[in-house]
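User: Please take a close look at one part of this model, the nonpolar core of the second chain, and set it in the context of the rest.

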Amino acid sequence: MTNNEQLIDNIFKDLQNKHPRLSHPNEMIDSIMRKIEQESQPTRWFVPVRNCSIAAAILLLFIFTFQMITVNYATDGASIIAYQNETLSKTRPIKDGDLYINYIQKKLYGKSSYELLKKKIYESKY
Amino acid sequence: MEQRRLNSIILKCKDGDTEAFRLLVSEYQNMGFSLALKLLCSESDAEDAVQEAFVNVWQNINRYSESKGKFTTWLYKIVYRVCLDRLKHKKITSPLPIDQTVFLTYVSAPDPEQQLMNSQWVAIVKVLVSELSSKQQIVFTLSVLENMETEEIEKITGLSADNIKSDLYVARQKIKKQLTRLGYDK
């Protein structure tokens with residue numbers, strides 16, 4: 001190592017032992033804290049709002065799916081009743097005293113009333 | 001700062017404790033400023049970079065874990081990236097005659113007891129790195145001025161050990177020539 005290199009190394013070693021320091025450290029801390037508090041504020045609102053939105057979306061999806069299932073079921077039930085009524089009326093004319101037809105009609109009427117009632121309950125509920 | 005205490009402060013920061021973060025800033029702001037000043041060669045830019053870096057630390061503190069390495073290395077990495085972004089938009093100005101005078105006054109009689117003022121640091125670093133490329137400047141600053149190990153520089157910059165060593169060698173040669181050119185050839 002030449003003399004010059006030795007001197008340069010000495011300068012570097014001296015510089016390694018010295019460190020620049022902030023002129024106003026407290027002001028720097030306050031400024032950083034102000035910035036992170038500004039950053040934190042939207043986050044403070046964002047998380048609950050995001051969670052509420054997700055919960056509301058899931059609830060709406062659940063209601064929608066449940067109603068679709070109920071309506072389909074009620075519609076299917078009504079179609080079956082109508083089809084059965086039509087078929088029965090074609091194959092066996094309804095006469096007073098016909099116990100079998102009366103029994104079927106009452107059963108179907110009861111079932112469709114029950115479906116109608118169920119649908120109304122769900123509708124009023126939501 | 002003791003490692004256990006540092007871990008406890010980091011945990012509190014992860015829970016959103018701003019007072020714990022205040023302690024962290026108070027402990028490490030000078031360290032960040034030291035690197036930023038040497039890379040940016042401007043006191044006001046360095047202060048802005050440190051602020052930005054600590055805001056990044058706060059936003060990403062949940063990503064830090066002890067398994068990733070030392071907290072100081074992680075902090076250095078953030079400060080380095082912020083400075084690198086700033087350096088892309090702003091070139092370090094060439095040293096002025098007054099910077100050269102400050103530099104020569106310092107090198108002619110370095111006093112180990114006396115701390116340098118920030119303006120002196122800026123002048124000295126400007127003169128030292130004036131002939132270096134930005135990559136050489138970064139490697140030189142981290143290795144020589146911040147006295148970091150090659151392994152730590154690798155983690156901070158993402159450069160390979162071979163690249164770091166060769167850049168450092170070239171940087172030293174250029175600085176030697178620069179000093180000779182300035183008349184520092186005793």
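Analyst: What follows starts with the core of chain B, moves to single residues of that chain, and ends with chain A and the contact between the chains.

The model is predicted, and every value below is computed from it. Chain B holds 9 helices and 0 strands, so the order of its elements from the N terminus is simply α-α-α-α-α-α-α-α-α. Of its 186 residues, 40% count as buried. Among contacts in chain B between residues at least 6 apart in sequence, those joining residues at least 24 apart make up 66%.

The largest nonpolar core has 63 residues. The members that touch the most other members are A36(B), A49(B), V50(B), V79(B) and I124(B). Helix α2 of chain B, residues 18-40, gives the most to this core, with 10 residues. Both domain 1 (1-90) and domain 2 (93-186) of chain B supply residues to the core, so it lies between them. As a general point, nonpolar side chains in soluble globular proteins tend to be buried together.

A36(B) can be followed further through its own contacts. Once neighbours within four places in sequence are left aside, A36(B) is in contact with A46(B), A49(B), V50(B), V79(B) and C83(B). Three of these partners, A49(B), V50(B) and V79(B), are also named among the residues that touch the most other core members.

Next, the start of the chain. Helix α1 of chain B covers residues 3-14, which is 12 residues. From its first C-alpha to its last, α1(B) reaches 16 Å, close to the 16 Å expected at 1.5 Å a residue. Just after α1(B) comes G16(B), with a positive phi of about 90 degrees.

C13(B) is found in helix α1 of chain B. C13(B) counts as buried because 22 C-beta neighbours lie inside 10 Å, where 20 or more are needed. Not counting residues up to four places away in sequence, C13(B) touches A20(B), F21(B), L24(B) and I61(B). C13(B) and N62(B) are 49 residues apart along the chain, yet their C-alpha atoms are separated by 8.4 Å.

L159(B) offers another case, in a loop. Its place is between α8 (150-157) and α9 (161-181) of chain B. L159(B) has 19 C-beta neighbours inside 10 Å and therefore counts as partly exposed. With residues up to four places away not counted, L159(B) touches I153(B), E154(B) and I164(B). L159(B) also lies 9.6 Å from K135(B), C-alpha to C-alpha, with their positions 24 residues apart in sequence.

Chain A can be described in brief. Chain A has 3 helices and 0 strands, and its elements run α-α-α from the N terminus on. Of its 126 residues, 6% are buried.

Last, the contact between the chains. It takes 27 residues from chain A and 32 residues from chain B. On the side of chain A that touches chain B, the elements giving two or more residues are α1 (3-16) and α2 (25-91) of chain A. By class, that side of chain A has 13 nonpolar, 7 polar and 7 charged residues.

Technical notes
Residues are numbered from 1 along each chain as its sequence is written. Chains are lettered from A and ligands numbered from 1 in the order in which they are written. This is a predicted model: local features need pLDDT of at least 70, side-chain atom pairs count only at pLDDT 80 or more; totals for chains, interfaces and linings use all residues. Two residues are in contact if their C-beta atoms, placed from the backbone, lie within 7 Å. Helices (H or I, at least four residues) and strands (E, at least two) are DSSP runs, numbered from the N terminus. Ala, Val, Leu, Ile, Met, Phe, Trp, Tyr, Cys and Pro count as nonpolar, Asp, Glu, Lys and Arg as charged, and the others, Gly among them, as polar. A residue is buried if 20 or more other C-beta atoms lie within 10 Å of its own, exposed if 12 or fewer, and partly exposed in between; C-beta atoms are placed from the backbone. A nonpolar core is a set of buried Ala, Val, Leu, Ile, Met, Phe, Trp, Tyr and Cys residues joined through C-beta atoms within 7 Å. Domain bounds come from an automatic or database domain assignment. The expected span of a helix is 1.5 Å times one less than its number of residues.
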